[in-house]
Amino acid sequence: MENVKKEITRSFRMEMLGTGMYRALAAQYRKRSDLSLRFLEFAEQEAMHGRLFRELYRKNYGGAIGGGKFWLAVGRIAALSMRLLPLRAKLKRIGAVEAMAVRQIEDALADGGDSAFHRVIRKILPDEKAHAALYGELFGTSA
Ligand SMILES: [Fe+2]
Ligand SMILES: [Fe+2]
């Protein structure tokens, strides 16, 4: 079960990174309000996923996963570091990471299990698919 514990911690961190990154993107693109709102929606979804993993960890192992603020900042820095890239290149890169998350979730669900961990990742899967699809939505092809 050590693996699941590590996986929950890793997932929590990635969700916090995503939250920080999408929040920063929403701020960067505030003049394009449709896109900015989309980033804000994604940020809220990642924050909700983070809460699910944090809660799952607390229930299974007691205590809180640390480092939430650190990983939010890492996400903000990731968005800042890409700020000179054209939107298309930026979204292609992000879409590839989200698509990888979708594959990882689908692989983990493929064992047919129904643990609390399975239930959380099953719940977040549609959101991650929507995140992975944004590039295609805007540029008409998949990332
Ligand atoms: Fe997420
Ligand atoms: Fe995502």
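**Close-up views of a predicted di-iron model**

A search of the whole structure finds seven salt bridges, a salt bridge being a side-chain nitrogen of Lys or Arg within 4 Å of a carboxyl oxygen of Asp or Glu. This is a predicted model, in which local features need pLDDT of at least 70, side-chain atom pairs count only at pLDDT 80 or more, and totals for chains, interfaces and linings use all residues. Residues are numbered from 1 along each chain as its sequence is written, chains are lettered from A and ligands numbered from 1 in the order in which they are written, and side-chain values use heavy atoms, with hydrogens and water left out.

**View 1. Donors of the iron ion (ligand 1).** E15 (OE, listed twice), E46 (OE), H49 (ND1) and E128 (OE) are the protein donors, at 1.8 to 2.7 Å from the ion. Donors are N, O and S atoms within 2.8 Å of the metal (3.2 Å for Na, K and Ca); water is not among the atoms, so sites may look incomplete. Along the sequence the donor residues follow the spacing E-x30-E-x2-H-x78-E. E46 in helix α2 (residues 33-61) and E128 in helix α5 (residues 116-139) are 82 residues apart, so the pair links distant parts of the chain; helices (H or I, at least four residues) and strands (E, at least two) are DSSP runs, numbered from the N terminus. H49 is found in helix α2 and, at 0% relative accessibility, counts as buried. Buried means under 20% relative accessible area, exposed over 50%, and partly exposed in between (1.4 Å probe, protein chains only). Leaving aside neighbours within four places in sequence, H49 is in contact (heavy atoms within 4.5 Å) with E15, I124, D127, E128 and H131.

**View 2. Donors of the iron ion (ligand 2).** This ion has as protein donors E46 (OE), E98 (OE, listed twice), E128 (OE) and H131 (ND1), lying 2.0 to 2.5 Å from it. Their spacing along the chain is E-x51-E-x29-E-x2-H. The iron ion (ligand 2) and the iron ion (ligand 1) are 3.8 Å apart, and E46 coordinates both. E128 and H131 lie three residues apart in helix α5, about one turn of the helix, and both are buried.

**View 3. K90 in helix α4 (residues 87-109).** K90 is buried yet has no salt bridge. The nearest side chain of opposite charge is E98, 15 Å away; Lys and Arg count as positive and Asp and Glu as negative, while His and the chain ends are not counted. Beyond neighbours within four places in sequence, K90 is in contact with L25, Q28, Y29, M82, R83 and L85.

**View 4. Salt bridges within helices α1 and α2.** E7 forms a salt bridge with R10, with the closest N and O atoms 2.8 Å apart. Both residues lie in helix α1, three residues apart, about one turn of the helix. E7 is partly exposed at a relative accessible area of 28%, and R10 is partly exposed at 34% relative accessibility. In helix α2, R58 and E55 meet in a salt bridge (2.6 Å, N to O); being three residues apart, R58 and E55 are separated by about one helical turn. R58 is partly exposed, with a relative accessible area of 43%, as is E55 at 31% relative accessibility.

**View 5. Further salt bridges, at R122 and E137.** D114 forms a salt bridge with R122, the closest N and O atoms being 3.2 Å apart. R122 counts as partly exposed at 40% relative accessibility. A network of salt bridges links R38, E41 and E137.
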